[in-house]
Amino acid sequence: DDRKFVMGNLAPPPDVYVNVKNSKDFNVARQTLYGTYDMDAYNMKTINAYVEELMAYKNLIHYVGDALLALLLWRGTFSVLLKRNLKLPIHSFAVWISAIIIVERPSYAPSFFFASISWLLLAVMSWRATNPDVWLHCKTFRELLEALVIGKNVTSGPDDIPPNHNKEEAEAFRKAWDDRLARAERIAAKQAEETKQLEEERLKELADVGDAEEIGTKAGGISIDPMKRILFPIQQYLAIVCKLVRVLRNIVYWEESYFAFWLTLGCFALSIAFAFLPWVFLLRWTARLVVWIFLGPLMKGVDIFYYSKIKPLTEEEEIQKIVDNRTQTREANFEAVKEVRIQKENNMKLKEIKKFMFGKYITNIPILKQDRYKDKPLPESYAVPYKPEPMPLADLAMKEAGYNRTRIGGQHLVGSMIPRIDPTAFTDAPAGNPTARPELLDKDSPGAKVSKDSNVAAYAKIGGIVVAAGAFTWFGVPMLTSYASSGIGYVKGLVGM
């Protein structure tokens, strides 16, 4: 169900661990998931790799520069198919109108702030969707919105990509960007070399002069450099920063298309909410109430009727209050430590039972995409939509019911006292319908022509029936009554009554 898949991305991804029985399988799993090199172990090459990765993001300046230039110069970005391919500056027009509204009505600034986040994500999605390299395309906002509302995509299906599709255009586009980045790197390297040369000349001149303050004798000897104690925490912090940046990059770049969809939809909803919410009025009156109540002469009444009547505590009472506060703090700390200890014991029990059942080597499966490099199919690759052969109703029903199907249980355990493998139903057969996928039936099978409506379509039909019944009752019944009265009067006039 596409809707369930979209809704499932609202919750944070769970922690998934896989156990294997020998070290060889563990090394294979680790290399498959995290690469050849162990990035968690202390290594100067790892630190350099993290620094180089963060420095590589400076190339985003060129993409941002092109986008700002096209935005400010009103260059066309939205294609309109007329007699010739015309591109309209829709983004520039939208920014211009938004800026005018914010200047004239500053109270709409929060609304346009959230709207700009949605606009940025949609602009990146549009750039990827119109890229000549079809292997860089992603799921669009419209497709995911259809899956959320209707339950399936109705306007677009799986792509049929032949080999070498748009190969020349994609290579030309990639070559243009590679040439531009290479040129920018050569200019930056030249500037860095000039700066380094000037710094070396300055340091050489200072070395010739000597130290102006130190007069003591310098002792020689071997220097012991305990770099690991200093650099390993830095490596760990760099790893956290790089992984966060990768996740953020994948969301903005629509690699994590479902999270990008929810972020776009959420910011759009907040934009509409802030557009109608009188937050300026609320802030102004909140500030007024705070000033008039807590800083005004009303506080004198608080002093007279409440604060002045509080008796000062004696020394014994102050000591007892300190003891009571300390006791409450200890009890709260004890409860917190108890919860942590219980959680740790449960995790230890789960770890040991999984080691007993599935193997003693455990590796964590990253759910979010955290790879530095993205694998992309070659231009010679192709994609063909899978179209299963139609089958009779009996065969399809038996297949969905799990007939002649053997399921091997996974490693997800449920239960507290005695953990056991999570039982998953073998059947895909729905309740109340002959089959879950009537489109797979051959045309002569019963139920092949029965349409399967989604919940939204069913609710829409029911709502339409209710609205039609209400409209008929409100307008049709009086008209029928009037026509009936006129007809009866006409008949009475004919018979002379």
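The secondary structure of this predicted model comes to 15 helices and 6 strands in the protein chain. That chain runs to 497 residues, and buried residues make up just 16% of them. Contacts that reach across the sequence are well represented: among those between residues at least 6 apart, 74% join residues at least 24 apart.

Confidence varies along the chain. The average pLDDT is 79, and 85% of the residues score at least 70. Among the elements, helix H10 (residues 257–276) comes out with the highest mean pLDDT, at 90, while strand E2 (residues 78–81) has the lowest, at 67. Then there is the stretch over residues 211–225, where the pLDDT drops below 50. Beyond near neighbours in sequence, residues 211–225 make 0 contacts in the model.

Helix H10 is a good place to start looking around. Its axis and that of helix H7 (residues 141–149) come within 10 Å and cross at roughly 85°. With that angle, H7 counts as roughly perpendicular to H10. On the H7 side, the contact is made by Phe141, Leu144, Leu145 and Leu148. H10 brings Ser257, Tyr258, Phe261, Trp262, Thr264 and Leu265 to the meeting. Sorted by type, the residues of this contact are 8 nonpolar and 2 polar, with no charged ones.

Two of those H10 residues turn up again in the surroundings of Asn9. Asn9 sits in the loop between helix H1 (2–8) and strand E1 (16–20). Leaving aside neighbours within four places in sequence, Asn9 touches Tyr258, Phe259 and Trp262. Asn9 counts as buried, at 17% relative accessibility, because the cut-off for buried is under 20%.

Just ahead of H10, in the loop that follows helix H9 (227–252), lies Trp254. This residue has a positive phi of about 65° although it is not a glycine. Trp254 is also buried, with a relative accessibility of 1%. Asn166 is another non-glycine residue with a positive phi, here about 55°. Its place is the loop between H7 and H8, and Asn166 is partly exposed, at 29% relative accessible area.

What about charged pairs? Side chains of opposite charge can pair when their charged atoms come close. In this structure there are 9 salt bridges. One of these joins Asp133 and Lys376, whose closest N and O atoms are 3.0 Å apart. Asp133 belongs to the loop between helix H6 (109–129) and H7, and Lys376 to the loop between strand E4 (361–365) and helix H14 (393–400), so the pair ties together parts of the chain that are 243 residues apart in sequence. The two partners differ in their surroundings: Asp133 is buried, with a relative accessible area of 7%, whereas Lys376 is partly exposed, at 33%.

The loop between E4 and H14 takes part in another link of this kind. Lys167 forms a salt bridge with Glu380, the closest N and O atoms being 3.8 Å apart. Here too, distant parts of the chain are brought together: Lys167 is in helix H8 (residues 167–209) and Glu380 in the loop between E4 and H14, 213 residues apart. Both ends are partly exposed, with relative accessibility of 24% for Lys167 and 44% for Glu380.

A more local pairing is found in helix H12 (residues 298–305), where Lys300 and Asp303 lie 3 residues apart, about one turn of the helix. Their side chains meet in a salt bridge, at 3.9 Å from N to O. Asp303 is partly exposed, at 31% relative accessibility. Elsewhere, salt bridges that share partners join Arg128, Glu255 and Lys374 into one network.

Helix H14 itself holds Asp395, a partly exposed residue with a relative accessible area of 42%. From Asp395 to Leu441 the separation is 46 residues in sequence and 9.3 Å in space, C-alpha to C-alpha.

How values were computed. Residues are numbered from 1 along each chain as its sequence is written. This is a predicted model: local features need pLDDT of at least 70, side-chain atom pairs count only at pLDDT 80 or more; totals for chains, interfaces and linings use all residues. Side-chain values use heavy atoms; hydrogens and water are left out. pLDDT is the predictor's confidence in each residue, from 0 to 100. Helices (H or I, at least four residues) and strands (E, at least two) are DSSP runs, numbered from the N terminus. Contact means heavy atoms within 4.5 Å. Axes are lines fitted to C-alpha atoms, for helices over the stretch in contact, and angles run from 0 to 180 degrees between N-to-C directions. Angles under 35 degrees count as roughly parallel, over 145 as roughly antiparallel, 65 to 115 as roughly perpendicular and the rest as oblique. Ala, Val, Leu, Ile, Met, Phe, Trp, Tyr, Cys and Pro count as nonpolar, Asp, Glu, Lys and Arg as charged, and the others, Gly among them, as polar. A salt bridge is a side-chain nitrogen of Lys or Arg within 4 Å of a carboxyl oxygen of Asp or Glu. Buried means under 20% relative accessible area, exposed over 50%, partly exposed in between (1.4 Å probe, protein chains only).
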